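Me: I've got a protein model open and I'd like to go through it bit by bit. Can we do it as questions and answers?

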Amino acid sequence: MPNLALDAAYRATEYRVFTDPPLVLHVDHREPRLSALMAGGGAWLTACNPGSRQLLEAENACRMAALRDELRIAYLTFIKGVAIDLEGLWPDEPSLLVPGIDTGRACALARKHGQNALLLISIDATPRLHWLG
């Protein structure tokens, strides 16, 4: 069972996708414009702040570069984004929207990069919080 405060923080976060115009995602809220990008579903991934421990910006940048490289090697496309704590208690967290990645691979990458959870995007364009527990 996830920490309730951490779960609430993930659910209150705004997930911004750097498209033109930008998309703003929220957990459990369908985003119709996401359907065109995510025909087969996908995931929102980050390699930053493993285990919800804040790292220095330079460390997070290196971790994100490694994640982007892994996605490129697997021939997976991605769109850059950022997770924003609207209460301002947590720094903005660089992230990637990965169309077409299957759930197993997305979860494996999130675990490899020390994440507690990730967003899985269903074919109905609804981001859902998935705890790796």
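Me: Which residue of β5 stands opposite L45?
Reply: This is a predicted model, so keep that in mind as we go. Strands β3 and β5 run antiparallel and are joined by four bridges. L45 belongs to β3, which covers 42-45. Its opposite number in β5 is L96.

Me: And what is the bridge partner of I79 in β5?
Reply: Now we're looking at β4, residues 79-84. β4 and β5 pair in the antiparallel sense, over five bridges. K80 has L96 as its bridge partner in β5. For I79, the partner is L97.

Me: Which residue in β4 is the bridge partner of R16?
Reply: R16 falls in β1, which spans residues 14-17. β1 pairs with β4 in the antiparallel sense, over four bridges. So the place to look is β4, and the partner there is V82.

Me: How many residues of β4 are buried?
Reply: β4 has six residues, and it's largely enclosed by the rest of the structure. β5 is mostly covered too, with six of its seven residues buried. For β4, the buried count is five.

Me: Which element gives the most residues to the largest nonpolar core?
Reply: That core has 19 residues, and L45, L67, L71, V98, I101 and L118 touch the most other members. The elements giving two or more residues to this core are β3, α2 (57-73), β5 (93-99), α3 (103-112) and β6 (117-121). With four residues, the top contributor is α3.

Me: Why would nonpolar residues gather like that?
Reply: In soluble globular proteins, nonpolar side chains tend to end up buried together. Here there's also another core, apart from the largest one, with L25, W44, A83 and L97 among its members. The number of residues in that other core is 17.

Me: Which residues does I101 touch, not counting those up to four places away in sequence?
Reply: I101 is one of the residues that touch the most other members of the largest core. Once residues up to four places away in sequence are set aside, what's left is G42, A43, L45, L71, L76, A106 and L109.

Me: Where do the buried residues of α2 sit around the helix, on the same side or on opposite sides?
Reply: The buried ones are N60, M64, L67, R68 and L71. They cover an arc of only 100° around the axis. On the other side of α2, you'll find A58, C62 and I73 exposed. So the buried residues sit on the same side.

Me: What do those buried residues of α2 pack against?
Reply: First, a look at the helix: α2 has 17 residues and reaches 24 Å from its first C-alpha to its last, close to the 24 Å expected. Just after α2, Y75 takes a positive phi of about 60°. As for packing, the buried residues of α2 go against β3, β4, β5 and α3.

Me: Is N60 buried or exposed?
Reply: N60 lies in helix α2. Leaving aside neighbours within four places in sequence, N60 is in contact with C48, N49 and L55. The cut-off for buried is under 20% relative accessible area. N60 comes in at 9%, so N60 is buried.

Me: How far apart in space are E70 and L109, C-alpha to C-alpha?
Reply: E70 is also in helix α2, and at 21% relative accessibility it counts as partly exposed. Leaving aside neighbours within four places in sequence, E70 is in contact with L109, K112 and H113. E70 and L109 are 39 residues apart in sequence, but their C-alpha distance is 8.8 Å.

Me: How many aromatic pairs does a search of the whole structure find?
Reply: One of them is Y10 with W131, edge-to-face, 5.1 Å centre to centre and with 75° between the planes. Y10 lies in helix α1 and W131 in strand β7, so the pair ties together parts 121 residues apart in sequence. Y15 and W44 also pair edge-to-face, at 5.6 Å centre to centre with 80° between the planes. The total is two.

Me: Is Y10 buried or exposed?
Reply: Its pair partner W131 counts as partly exposed, at 21% relative accessibility. Y15 and W44, from the other pair, are buried. Y10 has a relative accessible area of 16%, so Y10 is buried.

Notes:
Residues numbered from 1 in each chain as written. Predicted model: local features only at pLDDT ≥ 70, side-chain atom pairs only at ≥ 80, totals over all residues. Heavy atoms only, no water. Core = buried A, V, L, I, M, F, W, Y, C linked by side-chain atoms within 4.5 Å. Buried < 20%, exposed > 50% of the residue type's maximum accessible area, 1.4 Å probe, protein only. Contact = heavy atoms within 4.5 Å. Expected span 1.5 Å × (residues − 1). Arc of directions from axis to C-beta. Pairing = 2+ DSSP bridges. Phe/Tyr/Trp six-rings, centres within 6.5 Å; stacked < 30°, edge-to-face > 60°.
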